[in-house]
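This report concerns a single protein chain. The sequence and the model are shown first, and the commentary comes after them.

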Amino acid sequence: MKLVKKILKNILPYGIVQLIKNITINEQKDYLIYFANFGNSSLLNNFKIWSLLPTNKNVAVGDNCMLDCKILFESGSGNCIIGNSVYIGDSTLLCRSKIEIKDHVFIAWGCYIYDHDSHSLNYLDRIEDIDRQNSDYRNGLNFIQNKNWETVVSKPIKICSHAWIGMNVIILKGVTIGEGAIVAAGSVVTKDVAPWTIVAGNPALFVRNIK
């Protein structure tokens, strides 16, 4: 079936391909089971939600959003809240605690927004992580099926209204991006960003204020 779709996509005009897709496939329906609220937003081709545990209503999206991102709940817990008129390109949101994105935010492609550390700072816990991963994988399970998340630090992330996050930005746990702030491409954000400022670099540092 995938081969047939690929052939048709290559030989038919773009408009006809989109028309057929709209008539025969409603990809949004596949993910609506995850949404507490969805509004009239659009899910683009790369959009995906994945959760280790059975589906839960842990995503809320407002109106007029365009989402091309992946939202991953690796521990099966967490909440992702997206406001109105938000664009998120082909980026990844990894949520265990809470990721909140307010209204009129632009997030480019290649970004990672990560509200937890993934592993413990204690090397003994990391040894246990790899042992569990090997065991789960060899038993035909998802390799993080039995991961011990109690050793992993998680803190909510908040991106306030009118912020712009450039391509390939990494935003780490506990960070608040202030209203109207701009994070330059390729930055790694480890601390809060003040409203109406530009930050850049690794780690991201103040560049200048915005009127």
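The text below treats the overall architecture, the nonpolar core, a buried acidic residue and the salt bridges.

**Overall architecture**

The model is predicted. Its chain contains 20 strands and 4 helices. Of the 211 residues, 37% are buried. Among contacts with a separation of 6 or more, 27% join residues that are 24 or more positions apart. The chain has an accessible surface of about 12000 Å², and carbon and sulfur atoms contribute 56% of that area.

**Nonpolar core**

In soluble globular proteins, nonpolar side chains tend to be buried together. The largest nonpolar core here comprises 39 residues, and I101, I159, I171 and I177 have the most contacts inside it. Two or more residues each come from β4 (59-61), β6, β7, β10 (98-101) and β13 (157-159). Leaving aside residues up to four places away in sequence, I101 touches a set of residues that includes I81, I82, V86, I88 and I159.

**A buried acidic residue**

E74 is located in the loop between β6 (70-73) and β7 (79-82). Which side chain of opposite charge is nearest to E74, and how far away is it? It is K147, at 7.7 Å; E74 is buried yet forms no salt bridge. The E74 side chain does make a polar contact of 3.2 Å with the side chain of H116. Beyond four places in sequence, E74 also touches other residues, among them W50, L52, Y114 and W149.

**Salt bridges**

Side chains of opposite charge can pair when their charged atoms come close. The whole structure holds 6 salt bridges. Three of them are tabulated here.

| Pair | Closest N to O distance |
|---|---|
| D90 and K70 | 3.0 Å |
| K173 and D117 | 2.9 Å |
| R132 and E128 | 2.5 Å |

D90 and K70 are joined by a salt bridge. D90 belongs to the loop between β8 (87-88) and β9 (92-94) and K70 to strand β6, so this pair ties together parts 20 residues apart in sequence. D90 is partly exposed at 32% relative accessible area, and K70 is partly exposed at 27%.

K173 and D117 also meet in a salt bridge. Because K173 lies in the loop between β15 (170-171) and β16 (176-177) and D117 in the loop between β12 (112-114) and α4 (123-138), the pair ties together parts 56 residues apart in sequence. Their relative accessible areas are 25% for K173 and 29% for D117.

R132 and E128, by contrast, both lie in helix α4, 4 residues apart, or about one turn of the helix. Salt bridges with shared partners also join K98, E100 and K102 into one network.

Terms used: Residues numbered from 1 in each chain as written. Predicted model: local features only at pLDDT ≥ 70, side-chain atom pairs only at ≥ 80, totals over all residues. Heavy atoms only, no water. Buried < 20%, exposed > 50% of the residue type's maximum accessible area, 1.4 Å probe, protein only. Contact = heavy atoms within 4.5 Å. Areas by Shrake-Rupley, 256 points an atom, 1.4 Å probe, with all protein chains shown as cover. Lys, Arg positive; Asp, Glu negative; His and termini not counted. Salt bridge = Lys/Arg side-chain N within 4 Å of Asp/Glu carboxyl O. Polar contact = N/O pair within 3.5 Å; in protein donor to acceptor, adjacent residues only side chain to side chain. Core = buried A, V, L, I, M, F, W, Y, C linked by side-chain atoms within 4.5 Å.
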